[in-house]
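I opened the notebook to record what I looked up in this structure, going from one topic to the next. The entries follow in the order in which I made them.

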Amino acid sequence: MKNLVFTFILVLLITNISFSQYDDPNLDRIPAEFWDAISPQSVNAVITDASGYDNFNIGTDFAEPHLSMNPTNPLNCFVAYNTNGAHYVTDGYNWSATSSPSFGVTVYGDPVTAFDSLGNLFYENMIGGITGTRFIKSVNGGVTFGAGVVGNNGVDKNWAAADQTNGPYKNYVYTVMTPNGSLSNVRRSINNGVSFIDADTLANSYPGMMVCIGPNGSTSGGSVYIVTNTGASAFAVTYNFYRSTTGGTNFVLRSSQNYAGYVGTNVAGRHSVQNMRTRPYPMIAADNSYGTFRGRLYLVYAANSPAGDGNKPNIYCRYSTDQGLTFSSPILVNDNASPDLSDQFFPAIWCDKTTGRLYCKWFDTRLDATNNTMHVYASYSDNGGVTWVANQRITTAAATINCTTCGGGGTPRYQGDYDAVSSNPVTSMMAWTDMRAGTFGSYTAYYPDFAMLVNPAASTVHQTNSFKNIDVSIPSVKSYANTVTFTTEVSPSPATGSIVADFPDGSTLSSVPGTATMRVRTIGTVTPLGNYTVTVTGAGPNGTPVHKRTVTMTVNTTLGPTPCEDFTNTAFPPADFFEEFSGTNYWSRQTPSAYGIGAGSARFNFYSAGPTLPINQSLISNNFAATAAGTYLTFDEAYAPFTSFGPDTLLVESSTNFGASFTILATLLGKSDGSGELNTAPATSSSFTPVASQWRPKIYSLPTGTNKIRLKAKSGYGNNLYIDNVCIQSLPAQTTSTVGVISEGMFKPSDPYWTLLDTIRVYLHRSDLPNIIVDSAKTTMSSNAVSNTLTFTKALTGNYYRVVKHRNCIITWTAVTQAFTRGTAYSNYNLVQPDGQAYGNNQAIVSLSPFYRGMFSGDINDDDIIDGSDLSAVDNGAFSGLSGYVVEDLNGDSFVDASDVSIVDNNVGVTAIEPPGAAPSVNPTETDKKPEFKTEADRQKYESTIVLSEIKKAEDIKIQELKKKEKEIINRQYNIYNRKKTNKPLIENSNNSFSNSGRAGQ
């Protein structure tokens, strides 16, 4: 404590008072030769450490803070430091100073504060050379105060408490003080602080007389507890516990306990830790909640372990379940591994009236092997003081204990004698004196608390319809387990356009640690250019704890990079894209990656986005430099339709005016019948997750001047769409190629080697995933059995099989893959000669000298097998005299006759031969197991799908049976016919399987 007159300049007063006469170790006064008349300096500096935790530096006062939190407004706290350094906060963050509120007399320090249940604030200070106290009252949380009233009588030191319950003594204010003669030293106000009246007189030898309020059974506020500090020695004090059940009219001794001993070392008759004086103050609190431990009385104090002069003090808690008659064994609050090797002292406690949570804070040297520096540590107990959660360091920097530059002086040095803590149902606010800067710094902090960071803290954004994504993270917590909600504010307001900072995926983190993405957008064209500040506020469920971070956003004309995004980074949306949606967002990052290469993709969940239609949600790129001719948008996608519902839609759009308007480049549909442009896998009734072979590439030429793209998903209540490798890139012109190929039926032994220079289509299939077609080109045959030019417009550089399809031949794959470089001529591939140029050498011999091979003719129905159905079709054509450009004409003479029948007849049983993996993959996630459902709508959708699937399955079985019978009839007819003509044996056609390669039609 400090005995001084407050002035506005720093003066060192020289006195003739003898130090030995004045510095009575039985009183906690400031040594006379260090009566520093200082001017409190109020600041509002938030000190954030590298981890993202805040300490609030609210100024420089003269130690000994006492803090109270308004029970009607958790954002309002008031704290006072010696002698009259008063500060308040009304928004939980921005502290302000109350300019030395007037008590009407000279004050001498030891501030004590209390709020009643109505939110009235009472502030007590010692007066008159320490002969008593005065109270002032504030009805606006400490912003202003009324006139002072007489409080208590006595000498150093005082304490106060207000009844915050709704009991019969609600809003009574109690004050206690070391007595001065026979004057009453227990007084109370029963009229909301208008006046104080005598209540009782209790003996107290040493500073540390405390008061608190608890229930008396079912009577809230029915127990007023006072503990006095007596004894023959300051190093062997007795705690005397008194109780009143009559609102303070009289107090009855409950017990006397000898728990305290030395706190550190005896220096000049005082307890000392590293030359800083301290006390075994009996800090008390009672549980006013309606929880399990309602009515429990707590005592927390510091004492050496082992007991004795010169050892290290620890923090101990004891509790009484019988209103102070008996107490539990001591419970160690500090949890450091070697508690007896470091100093723990200066405890302060508070019991939350709603939750019953018991808070404790103290000074601790555990991080310094020399014990010369200290931090503030804190913990709490939710089970009546029996156990305490892991201790948390509250301070963001260490402070030297023996602060020779602080002022205060003495041996041991005066650096305050107490701190404070107060709480609401979510968190507490604590105050302490912090010597980290070599001064009596006034500091506060929350506990439990969360760290908060923004990344990046400075960024740029284009002035027109652009965006930047900022990570707002809660990287770690200190005993905090509630939600954190973010709000934003942008300043200044632009003259034109607007800047909006929001959280598209939700502004509340339901669990922490965690990260939320803040999207900062320019809407319209923002002017003026320059710096804008985005303030992000993170707060707990009742507004506390509260922390703020700022992002400097520079609005300029600089365009972002041309996007080329593979979604490897786990942050979503990625830096070069943002999401546009209302309601729930159904875009997200997932782990599957295109073709099994890389890590990550974007997913749109069409299923969850339905059934309320339409749901339109978009991924939109940043603004980039206008594209030149020859620029393309490329991406990979994977999609399986739901077995019913749909269609789902993806609109591929571009803009040349920074998103003021968009042009549709393509409308891609996902259909359950398999015909959709989005479809890459069979329909399924399960949630679709693609395997490597279920991806397909997309490529679109961008209009010259494109500076923004958008992928807009429109739900048809279907399945999942995956997007990967979205890239804006300049590409060389299309690539040309030729193939040498012969149709077996149309072969002629001389140039041009085709009776009819017919049409062919050549597909490019990936070498690693042969089922995936990346491009195709259609052309006609030319002389020398070499096709006319094939132009591939979509394929990017890679290795591909070339696969040739003719209208009535077995599809033919090249034996090997070849490197393809976009923009460079793709060399001719000759399937005619030498031998073995087709995969599996699957071609007919059409000439022995020279030796040529050609595609097997006769696959009339394009099912990759030549069988009786093909033979029947040609035979029927011959019987009816079919002519013209028809698929049944195998030799190209425009007539269907016996020569065509003979070709098919000779090739019956021939099938396509393809590389492994050419057939489409089956989704391995499909299962017959019935899934679990989140909603009744999900269950009904699943069950209706199963019914439709079973109906379709039954219809398919009937169709297959009819086809089987039809095929048997055709084969019987053919065998009878053939036997009559040639006496050949019957054909046993056992190859009726289908080889579905999933290729696009010609």
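**Entry 1: a helix pair**

I began with the residues through which two helices touch, and in this predicted model I found that Asp870, Leu871, Val874, Asp875 and Ala878 of H3 meet Ala898, Asp900, Val901, Val904 and Asp905 of H4. Sorted by class, the contact of H3 with H4 holds 6 nonpolar and 4 charged residues, with no polar ones. I then looked up the geometry, and noted that helix H3 (residues 868-880) and helix H4 (residues 898-907) pack at an angle of about 170 degrees, their axes being 9 Å apart. Since angles over 145 degrees count as roughly antiparallel, I wrote down that H3 and H4 are therefore roughly antiparallel to each other.

**Entry 2: the disulfides**

How many disulfides does the count come to? I recorded 2 disulfides, and with bonded cysteines counted along the chain they follow the pattern 1-2, 3-4.

One of them is formed by cysteine 403 and cysteine 406, whose sulfur atoms lie 1.9 Å apart. The torsion about the S-S bond of cysteine 403 and cysteine 406 is about 85 degrees, so I entered this disulfide as right-handed. Both partners went down as buried: cysteine 403 has a relative accessible area of 4%, and cysteine 406 has a relative accessibility of 12%.

The other entry is the disulfide that joins cysteine 564 to cysteine 727, again with an S to S distance of 1.9 Å. Here I noted -95 degrees about the S-S bond, and the link of cysteine 564 and cysteine 727 is left-handed. Cysteine 564 lies in strand S47 (residues 564-565) and cysteine 727 in strand S57 (residues 720-730), so the pair ties together parts that are 163 residues apart in sequence. Cysteine 727 is buried, at a relative accessible area of 8%.

**Entry 3: two cysteines without a bond**

Why did I not enter a bond between cysteine 212 and cysteine 351? The closest cysteine sulfur to that of cysteine 212 is in cysteine 351, and because the distance is 9.2 Å, it is too far for a bond; the cut-off for a disulfide is 2.5 Å. Looked up from the other end, cysteine 351 likewise has its closest cysteine sulfur in cysteine 212. I noted cysteine 212 as buried, with a relative accessible area of 7%, and cysteine 351 as buried too, with 6%.

**Entry 4: leucine 367**

I next looked up leucine 367, which lies in the loop between strand S29 (358-364) and strand S30 (373-381). Is this residue buried or exposed? At 55% relative accessibility, leucine 367 counts as exposed. With its neighbours within four places in sequence left aside, leucine 367 is in contact with His375, Tyr377 and Arg393. I also noted that leucine 367 and serine 342, which are 25 residues apart in sequence, are 8.6 Å apart from C-alpha to C-alpha.

**Entry 5: an open sheet**

Last, I went through an open sheet of 4 strands, in the order S9-S10-S11-S12, where the pairing is antiparallel. Strand S9 (107-115) and strand S12 (149-153) stand at the edges with a single partner strand each, so one side of each is left without a neighbour in the sheet. Direction ignored, neighbouring strands of this sheet are turned by 30 degrees against each other on average. For the pairing of strand S11 (residues 132-138) with S12 I counted 3 bridges in the antiparallel sense, and I noted that arginine 134 has valine 150, in S12, as its bridge partner.

Note on methods. Residues numbered from 1 in each chain as written. Predicted model: local features only at pLDDT ≥ 70, side-chain atom pairs only at ≥ 80, totals over all residues. Heavy atoms only, no water. Buried < 20%, exposed > 50% of the residue type's maximum accessible area, 1.4 Å probe, protein only. Helix = DSSP H or I, 4+ residues; strand = E, 2+ residues; numbered from the N terminus. Axes fitted to C-alpha atoms, helices over the stretch in contact; angles between N-to-C directions. Parallel < 35°, antiparallel > 145°, perpendicular 65-115°, else oblique. Contact = heavy atoms within 4.5 Å. Nonpolar A, V, L, I, M, F, W, Y, C, P; charged D, E, K, R; others polar. Pairing = 2+ DSSP bridges.
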